[in-house]
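Good morning, and thank you for coming. I would like to take you through one structure this morning, from its overall make-up to its metal site and one of its sheets.

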Amino acid sequence: MPQRRFFILHLFFSLSFGILAGRLFWWQWVKADDLAARACRQRLAVLAVLGRPRGEFIDRHGRPITDRMMGTRYGPRPLAVHLIGYVNPGDGRGAAGLEEIYDDLLCRGPGRVMAAVVDARREPLRGLGRRLLRLPLTETAAVRLTIDRQLQEKVEAIADRRLQKGAIVVLAAHTGEILAMTSRPCFDPEHPGDYLNRKDAPFLNRALTAYPPGSLFKLTVLAAALEERPAAFWDLYEDEGTVAVGASLFRCPEGSHGLITLADALAFSCNTTFIHLGLGLGAERLLRMAERLGCGVPATADLAGEDPGDLPAAGNVPPAELANLSIGQGRLRISPLQMARLVAAVANGGYLPTLRTVLGLEDGRGRLKAFPFPPPRRVLREETTRYIRAMMAGVVRYGTGRAAALPCGVAGKTGTAQTGRRDRDGRSLTHAWFAGFAPVKDPHYVAVVFLEDGGAGGTAAAPVFREVMAATVALDPLGTGTATVDGT
Ligand SMILES: [Zn+2]
């Protein structure tokens with residue numbers, strides 16, 4: 001029966017074709033990726049592990065400080081160069097600053113591999129070329145700083161105009177978070193090698209380097225005296241312009257102040273009054289207070305290379321040296337960062353904070369894992385700080401710090417520290433300091449301006465401080481609201 005035979009034949013061919021098509025589909029579509037991958041694995045030779053993208057630094061609000069989208073890691077205008085540090089151009093690992101401290105965390109990102117397609121004898125196959133493979137994604141950590149990017153930009157611009165050598169620090173008075181920090185001279189973090197032979201030490205972070213504090217140390221003398229006896233605030237002092245201690249004669253630069261209150265003694269930085277105060281306290285009590293306010297110990301918990309400074313041992317301080325110490329001269333060195341911390345304790349009612357630059361780590365989804373930090377510890381009575389704040393306000397209102405005044409109300413202290421060196425024309429070189437806080441009625445911000453060999457505190461450092469504090473209260477990076485209110 002031809003019709004029946006034809007049907008069987010048809011069925012046979014259809015089935016055969018169906019099975020063939022199925023096998024074809026199976027290998028071509030279902031298993032194709034697997035096959036290809038297996039073939040690739042066998043035939044790829046890794047040529048190099050390429051610059052794995054580092055994690056970024058972001059500011060306290062999540063804005064980029066480093067950014068690979070800018071083409072170079074640090075961009076055309078690098079920020080907080082001494083704090084961030086740089087990566088070694090050779091191996092791409094952090095070589096200085098936070099880049100070095102957090103190197104392991106920043107490196108834990110996705111890597112890329114350059115590979116070549118090879119044959120069974122591992123000879124590269126012609127025409128197939130090289131391939132860039134991305135390794136499986138792991139979480140990239142970003143380091144979230146306490147720095148406010150906008151404020152840091154302002155402070156960098158001020159430093160570019162006003163600082164040859166020196167440092168600027170801005171702190172949150174209550175938490176000790178560093179909101180901006182810069183040092184001059186600076187270097188290019190993309191090309192650190194170009195700066196190795198410079199004589200002006202551009203790699204030195206001057207904010208972490210200790211210098212003689214000059215009259216800024218009078219704040220410590222004041223704190224020791226008021227903790228001992230709060231009524232000392234109301235005492236009157238007789239200033240004859242000079243005071244002899246042992247074989248040394250100390251003088252007030254402006255001549256005799258006559259009968260003077262403690263507040264005016266600070267406002268006009270009267271040396272003889274503070275020498276009387278210091279001699280009355282004794283070295284033991286004065287140096288113990290200095291230590292309590294953080295002199296001689298590092299101010300941060302998360303920075304390497306901090307200079308703890310010098311504080312003489314209390315044991316054997318002859319009177320002339322104690323007199324010298326009382327006006328911030330002699331064997332005494334304090335860093336701008338330590339000075340900022342000391343002023344923060346006065347500004348916030350008596351708590352010495354541990355300064356910090358890093359809030360924590362942020363994962364790829366913007367979640368912050370905050371680092372734990374010790375809470376600020378009480379070092380001064382509230383009453384003591386109230387007196388010192390009032391006196392520091394006087395320094396700016398009518399004393400040596402008038403050039404730092406702002407409408408929101410500023411309090412501070414000038415410092416002019418002898419270096420024992422002279423310039424080419426024989427004039428003695430001095431460091432210029434200004435440390436203070438604002439707004440005076442509800443202080444949230446502390447700033448320190450330090451100018452190495454920069455002249456006098458009142459004329460050189462105070463105007464720079466004014467610019468820095470004006471930018472700070474205008475930006476109000478902590479969102480306090482109070483900072484924009486006029487000091488009426
Ligand atoms: Zn005087």
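I will begin with the ground rules, then turn to the protein as a whole.

What you see is a predicted model, in which local features need pLDDT of at least 70 and side-chain atom pairs count only at pLDDT 80 or more, while totals for chains, interfaces and linings use all residues. Residues are numbered from 1 along each chain as its sequence is written, and side-chain values use heavy atoms, with hydrogens and water left out.

The protein contains 14 helices and 20 strands; these are DSSP runs numbered from the N terminus, helices being H or I of at least four residues and strands E of at least two. Of its 488 residues, 50% are buried, where buried means under 20% relative accessible area, exposed over 50%, and partly exposed in between, with a 1.4 Å probe and protein chains only. Taking contacts between residues at least 6 apart in sequence, 68% join residues at least 24 apart; a contact means heavy atoms within 4.5 Å.

Let us move to the metal. Which residues are the protein donors of the zinc ion? They are Asp239 through OD, Cys252 through SG, His257 through ND1 and Cys270 through SG, lying 2.0 to 2.3 Å from the ion. Donors here are N, O and S atoms within 2.8 Å of the metal (3.2 Å for Na, K and Ca); water is not among the atoms, so sites may look incomplete. The angles among the 4 donor atoms are 93 to 126 degrees, and the site is tetrahedral, a label given to four donors if all angles lie between 85 and 135 degrees. For reference, the ideal angle for four tetrahedral donors is 109.5 degrees.

Along the sequence, the spacing of the donor residues reads D-x12-C-x4-H-x12-C. Histidine 257 sits in the loop between β12 and β13, and cysteine 270 in the loop between α8 and α9. Histidine 257 counts as partly exposed because its relative accessibility is 22%, whereas cysteine 270, at 0%, counts as buried.

Finally, the sheet. Five strands form an open, antiparallel sheet in the order β9-β8-β20-β19-β18. Both β9 and β18 stand at the edges with a single partner strand each, so one side of each is left without a neighbour in the sheet. Strands pair if DSSP finds at least two bridges between them; β8 and β20 pair over 7 bridges. Within that pairing, valine 170 has alanine 447 in β20 as its bridge partner.

How values were computed: Four donors count as tetrahedral if all angles lie between 85 and 135 degrees; four count as square planar and six as octahedral if opposite donors are over 155 degrees apart and all others between 65 and 115; anything else is irregular.
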